[in-house]
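Please look through the model shown here with attention to residue contacts and packing. The questions that follow take these topics in turn.

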Amino acid sequence: MSRPPAMFIGDALGLDFLNSIATPVDTPVDWIDDGEGLLNWLDQARLVPPEALDSIRRHALPGELDRTADQARRLREWFRGFVREHKGRPLAVGDLAQLEPLNRLLEGDETFSRIVPAPAGEDMPLQLEAARKWRTPQALLLPVGEALAQLVCTEEFLHVKACEGPTCTLLFADHTRGHRRRWCSMALCGNRAKQAAHRHRIKAHQD
Ligand SMILES: [Zn+2]
């Protein structure tokens, strides 16, 4: 199945994960509705190195990647419930209990550090790099879980918003000065709203 490029308008990867199902034009698109879609989205999001994606694709058992995509969608919709409930006000310590499933997921992480050559121009010739063991397709959920955890720990939920487009489902973190962002993008919902307001003004003028 061919999909348009995924949407990265959330200004936070955890929100972009929630935006991996959306209606960019008229037809809803779920970028992670099967295993191949999940690999593709993770690649576009740069959450998993291409070599790891290749290796997981080669070694997965039949149906295994699709099942991982099922889990990813369940994770996405569970987390969407949390964000929808809490956006628009600051998170509190008391909200942690609700995030327990996310901590369960993160417990399974297999990250480690390794020494690698530093890029040219750095002061030191070697540097420490974070890496992850990619033993099973399930490991694909770990960087996603980390992005969701980063969102709740570093993003000001007061400024997490849903696009005001009447049928739009996209979420974003409003990092603008003054926090006046209203739309997923001007090209999508912003212009539609401007045109609708314009038609409304013309009509009001004629009445
Ligand atoms: Zn929108």
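Q: Leaving aside neighbours within four places in sequence, which residues is Leu15 in contact with?
A: This is a predicted model, in which local features need pLDDT of at least 70 and side-chain atom pairs count only at pLDDT 80 or more, while totals for chains, interfaces and linings use all residues. Residues are numbered from 1 along each chain as its sequence is written. With contact taken as C-beta atoms, placed from the backbone, within 7 Å, and neighbours within four places left out, the partners of Leu15 are Gly10, Leu151, Leu171, Phe172 and Ala173.

Q: Which element gives the most residues to the largest nonpolar core?
A: Such a core is a set of buried Ala, Val, Leu, Ile, Met, Phe, Trp, Tyr and Cys residues joined through C-beta atoms within 7 Å, where buried means that 20 or more other C-beta atoms lie within 10 Å of a residue's own. It has 37 residues, of which Leu15, Leu38 and Phe172 touch the most other members. The most is given, with six residues, by helix 6.

Q: How are helix 4 and helix 6 oriented to each other?
A: Helix 4 (residues 64-86) and helix 6 (residues 141-154), both DSSP runs (H or I, at least four residues) numbered from the N terminus, have axes 11 Å apart and pack at an angle of about 10°. Axes are lines fitted to C-alpha atoms over the stretch in contact, with angles from 0 to 180 degrees between N-to-C directions. Angles under 35 degrees count as roughly parallel, and therefore helix 4 and helix 6 are roughly parallel.

Methods
Helix = DSSP H or I, 4+ residues; strand = E, 2+ residues; numbered from the N terminus. Parallel < 35°, antiparallel > 145°, perpendicular 65-115°, else oblique. Buried ≥ 20, exposed ≤ 12 C-beta atoms within 10 Å, placed from the backbone. Contact = placed C-beta atoms within 7 Å.
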